[in-house]
Amino acid sequence: VSANPLTVRFSDGTNLTVPAGKTVTSGALTWSGGNASGGVVVPDPTTPTPGPTTPSPDPTTPTPGPTTPSPDPTTPTPGPTTPTPGPTTPGPTTPPCSPTGTLLSQGRTATASSNSAQAARAVDGNRGTRWTSTASNNQWLRVDLGAARTIGKVELDWHTSYGRGYQIQTSADGVTWTTVHTTTDGTGGRELVDAKGTGRHVRFQGTARGTSGGYSLYEFRVYAACPDPVVATRHLQADGALAAAAGPAGTVALTAAAGNHDGSPVNARVFTATGVSGTHTGAATRFDLGVDAGSNVGNGTQVRVSYDLTGDGTWERVETYRYFATDPVPGAERYTEAQGLSSGVGTLGDLVNGQVKVEVWNAIGSTASTLAVGAGSTVTLPLR
């Protein structure tokens, strides 16, 4: 159907022109009621249907990719870079001993030659309190550490009434005293002095006042000595030391047994180490001694090793080893712990300012022997 007048085209190709509001017949074909303003327009199949004005994109035209170009395959891709190392974090370390050592005196029992009721003020850790003696030179203040300790330093924190001359003394029993520091030119203020010694009691003994008043101390501080590094292997030395260093090489005599002293030291050579601190490893004592009976035969050398864990004179562990029979072959034989333990009494543990004693003697035989010292004989303690 086209516009007014209407032209109607049928499917067999017949066209009828129909005025508005009329009926037109052509053979068997009739169109009635056409309306110039309301007919259905039948497009002419001979007129091509116009396509959309915007052409569809040519499928052969690639869709543009992102604007960032792909890398050139001929350019090698850089590998990972090695990062600049940062600061290394150190592993845990054992903190060093404080320059003054461990404070031993604070809160301990203190007494004094005068105004003894005030003595505790000098060990209470409170600088707002103090002990003051009467106004005479020969005055003292002492503190009981509760047990024998190895002392390293003493600090005197003075009020204006200070000591110009004084001594620091130690004692095991509070009766017999050993002087470990003396001064005649004290300065007052805070004085930290070397006072190396061992004892349960530590005393300030005044000899000369610095003012017309008495001695007056805010605090009297006693510090433990820093322990020496643990040296497990010890050397027997001619002077009786059980030392960390080998010292001079030589020999000492072992007296003839002249009887049977198996398990009982008689005329023994004794070697001692004091102030020993270390953690027990759980292992056993080891030793390697050089002994020689010359051309004689049958001397049975024996060893006892004793441990005092705290240095108070009590031997918590005593080990006695089976005796070692010497031979007449020239040169020293090696006596070691492999000979076997004859007896072990008590329990070995950590040492804190402890001591170790080694006794060597001839248990049987009628002649003397020699024992190597220095690098020739060692005892290895089970400590770290």
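# How the labels are earned

Me: Why is Asn267 called exposed?
Reply: Its relative accessibility is 53%. The scale calls a residue buried under 20% relative accessible area, exposed over 50% and partly exposed in between (1.4 Å probe, protein chains only). The value for Asn267 is over the upper limit, so exposed is the right word. Before we go on: this is a predicted model, where local features need pLDDT of at least 70, side-chain atom pairs count only at pLDDT 80 or more, and totals for chains, interfaces and linings use all residues. Residues are numbered from 1 along each chain as its sequence is written, and side-chain values use heavy atoms, with hydrogens and water left out.

Me: Where does Asn267 lie, and what is phi there?
Reply: Asn267 belongs to the loop between β14 and β15. Strands here are DSSP runs of E with at least two residues, numbered from the N terminus (helices are runs of H or I, at least four residues). Phi of Asn267 is near 50°, which is positive in a residue other than glycine. Ala258 lies in the loop between β14 (250-254) and β15 (269-278), and this non-glycine residue has a positive phi of about 50°.

Me: What makes Ala258 buried or exposed?
Reply: Ala258 has 70% relative accessibility, so it counts as exposed.

Me: How do you know that Glu155 and Arg221 meet in a salt bridge?
Reply: A salt bridge needs a side-chain nitrogen of Lys or Arg within 4 Å of a carboxyl oxygen of Asp or Glu. Glu155 and Arg221 have N to O at 3.2 Å, which is within that limit, so the name fits. Glu155 is in strand β7 and Arg221 in strand β11 (residues 216-224), so the bridge ties together parts 66 residues apart in sequence. Glu155 is buried at 13%, and Arg221 is buried at 15%. Both residues belong to a network of salt bridges that links Arg127, Glu155, Asp157, Arg190 and Arg221.

Me: How many salt bridges are there, and what makes Asp288 and Arg334 one of them?
Reply: The structure holds nine. For Asp288 and Arg334 the distance is 2.9 Å from N to O, so this pair passes the salt-bridge test. It links distant parts of the chain, with Asp288 in strand β16 (residues 286-292) and Arg334 in strand β19 (residues 333-336), 46 residues apart. Asp288, at 30%, is partly exposed, and Arg334 is partly exposed at 41%.

Me: How many aromatic pairs are there, and why is the pair of Trp158 and Tyr166 called tilted?
Reply: Rings of Phe, Tyr and Trp (its six-membered ring) pair if their centres lie within 6.5 Å; planes under 30 degrees apart are stacked, over 60 edge-to-face, and the rest tilted. This rule gives seven aromatic pairs. Trp158 and Tyr166 have centres 6.1 Å apart and planes at 55°, so they are a tilted pair. Trp158 is buried at 3%, and Tyr166 is buried at 0%.

Me: What makes the pair of Trp158 and Phe204 stacked, tilted or edge-to-face?
Reply: Their centres are 5.6 Å apart and their planes stand at 75°, so the pair is edge-to-face. It joins distant parts of the chain: Trp158 in strand β7 (residues 140-158) and Phe204 in strand β10 (residues 190-209), 46 residues apart. Ring pairs link Trp158, Tyr166, Phe204 and Tyr215 into a cluster.

Me: How do you know that the side chain of Arg234 has a polar contact with Leu242?
Reply: A polar contact is a pair of N or O atoms within 3.5 Å; within protein, one must be able to donate a hydrogen and the other to accept it, and residues adjacent in sequence count only if both atoms are side-chain atoms. The side chain of Arg234 reaches the backbone oxygen of Leu242 at 3.4 Å, so the distance is within the limit. Arg234 is found in strand β12 (residues 233-236) and is buried at 12%.

Me: What makes β8 and β9 a pair?
Reply: Two strands pair if DSSP finds at least two bridges between them. Strand β8 (residues 163-171) and strand β9 (residues 178-183) have five bridges in the antiparallel sense, so they pass. Gln167 stands opposite Thr182 in β9. The hairpin of β8 and β9 has six residues between the strands, and Gly174 takes a positive phi near 80° there.
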